[in-house]
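Me: I should like a close look at a single part of this protein. Please describe the nonpolar core and explain what surrounds it, in terms that a first-year student can follow.

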Amino acid sequence: MHLTHDSLTDAPAHTFTVGDAVELATIERNGFIESRHAGSAVVLTSEGAVLRALGDVTSPVFPRSSMKPFQAIAVMASGVTLRGEDAAIATSSHSGTQRHADLVRALLSRAGIPETALACPAAWPNDSATRDALVRLGAGKAPVYMECSGKHAAMLVACKQNGWALSGYLEPEHPLQKRILDVVERFTGERPSATGIDGCGAPVHALSLTALARGIARIATSKSNSPFAIYREAGFLAEAVRQHGWVVAGPGLPDTIVIERLGLFIKTGAEGIMVASAANGVTVALKMLDGNLRAATIVALRLLADAGAIAHTDVEAILPDLSLTVYGGGRPVGQVSASYI
C-alpha cells in the first residue's frame, strides 16, 4: 500500500494504565506462581486487520529500539545505500562484539566521518568476552560499543551524504530527524502523540501498539523490487535482517535466535516492547507494563503460533535456547511461560 499523509490518524494523548492491561506471562517456581507480567499485545494481518487484541492496544507507548527499522529506512531513503550487514547494523541493538564494532567503524570510515562524531553514550560492550578483552588491553568505555552505535553511524552517514550538519543530528528539528518522523508516519499511518529522548539520545515517538504493528508489517512485507523507492529500501532492510540475524542482536541473544531459527523479522525495544513479523506478514506488537523483557519473546512467539503464522512445534524447539528456565540451587525448578487467555 502506498500511503499519503491524508490517511494519518492521531494517536490518543493518554497512556494505558494497570487497569487497561491483561496478564501476558507468569514465572513459576516449583509449581508456585511467583510473578506475573501484565501488558498489552496486538496481532495484525499483513493488511493491518486486527486478529487479536489483548489489553489496551490504542493508547501510545514509546517503541524504544523497536523504532529502529523506521530510522534505518529514513537513512536509506535519504540516498545512503545500505545493504546486507550494513543495513542490519543500522537497525540493530547489538551486543558490542568486535565484529559489531568493526561494522560501525567501517560505515563511518567509508564516509570519512570520525568516530568522535558518534553522539550516543560511551558504554562497555554487553558481550562479556569483548568486554573482558578490552579490560585486559586497558581500554575503557566507548560510544562504538554502545548497542545503538550502528543506528547512530548510519544517521551520521545520511547527514554527510546530504550536506546536513553532523553536530546536532539528534535534535528533533534537524533535517534527518524530520525525515525519520515522516517515515514513521507514512509506515504506521499515525501521528505520534508525544516525542521523548531515547536512552541513546535520539528522539523516540509515541505510537499505539496497533500503529507500531502496522508499520512493522509494512516493512517486513516490503519487496526490494517495489515500484516505490521507499518500499524498495524497506525490502532491502527486511532481507538484511533475515539474512544477518547475528548483527541485529548478537550470538545467543533472543532476537538473533528467533531470526536464525524461525526466519522472523523481530526487534526488541527497551521497557518491555517487542515487535515480530512472520513470513506471511502476520505481526505482533506488545508492551510489558512493568518494562521487563524476560517473557516478551515467548509471548510474541505464542501469539504468532496461535494465529497460524508459525508452527507451535517450531516454537517448542527453540524454547531451551531462550533463557526461560527458572533455577534453584543451580537446578531447573520452573519456567517463564506465556499465560494470556
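Reply: The account below begins with confidence in the model, then takes up the core, and ends with a helix and a pocket. The structure is a predicted model. Its chain has a mean pLDDT of 95, and 96% of the residues reach 70 or more. Residues 1-6 call for caution, since pLDDT stays under 50 there; the model has twelve contacts beyond four places in sequence for this stretch.

In soluble globular proteins, nonpolar side chains tend to be buried together. Here the largest nonpolar core has 114 residues. Among those with the most contacts inside this core are Phe70, Phe187, Val299 and Leu301. Helix H11, residues 296-306, supplies the largest share of the core, namely eight residues. Valine 299 may serve as an example: beyond its neighbours within four places in sequence, it is in contact with Leu24, Ala25, Leu286, Met288, Ala338 and Tyr340.

Helix H8, residues 229-243, allows a check of geometry. At 1.5 Å a residue, its 15 residues should span 21 Å, and the end C-alpha atoms are 21 Å apart, so the two values agree. The buried residues of H8 include Ile230, Tyr231, Ala234, Leu237 and Val241, and also Glu233.

Finally, there is the largest pocket, which holds about 460 Å³ of space. Its lining comprises 29 residues, and Ser93, Glu147, Asp255, Thr268 and Leu293 lie nearest its centre. Helix H10 (254-262), strand E10 (265-269) and H11 each give two or more residues to this lining. Strand E10 gives the most, with three residues. Helix H11 thus appears in both settings, as a contributor to the core and to the pocket lining.

Key:
Residues are numbered from 1 along each chain as its sequence is written. This is a predicted model: local features need pLDDT of at least 70, side-chain atom pairs count only at pLDDT 80 or more; totals for chains, interfaces and linings use all residues. Side-chain values use heavy atoms; hydrogens and water are left out. pLDDT is the predictor's confidence in each residue, from 0 to 100. Contact means heavy atoms within 4.5 Å. A nonpolar core is a set of buried Ala, Val, Leu, Ile, Met, Phe, Trp, Tyr and Cys residues joined through side-chain atoms within 4.5 Å. Buried means under 20% relative accessible area, exposed over 50%, partly exposed in between (1.4 Å probe, protein chains only). Helices (H or I, at least four residues) and strands (E, at least two) are DSSP runs, numbered from the N terminus. The expected span of a helix is 1.5 Å times one less than its number of residues. On a 1 Å grid over the protein atoms alone, a cavity is a set of points where a 1.4 Å probe fits but cannot get out, and a pocket is an open set with protein on both sides within 12 Å along at least five of seven lines; lining residues have an atom within 4 Å of a point. Grid points are joined across faces, edges and corners, and a volume is the space filled by probe spheres set on the points.
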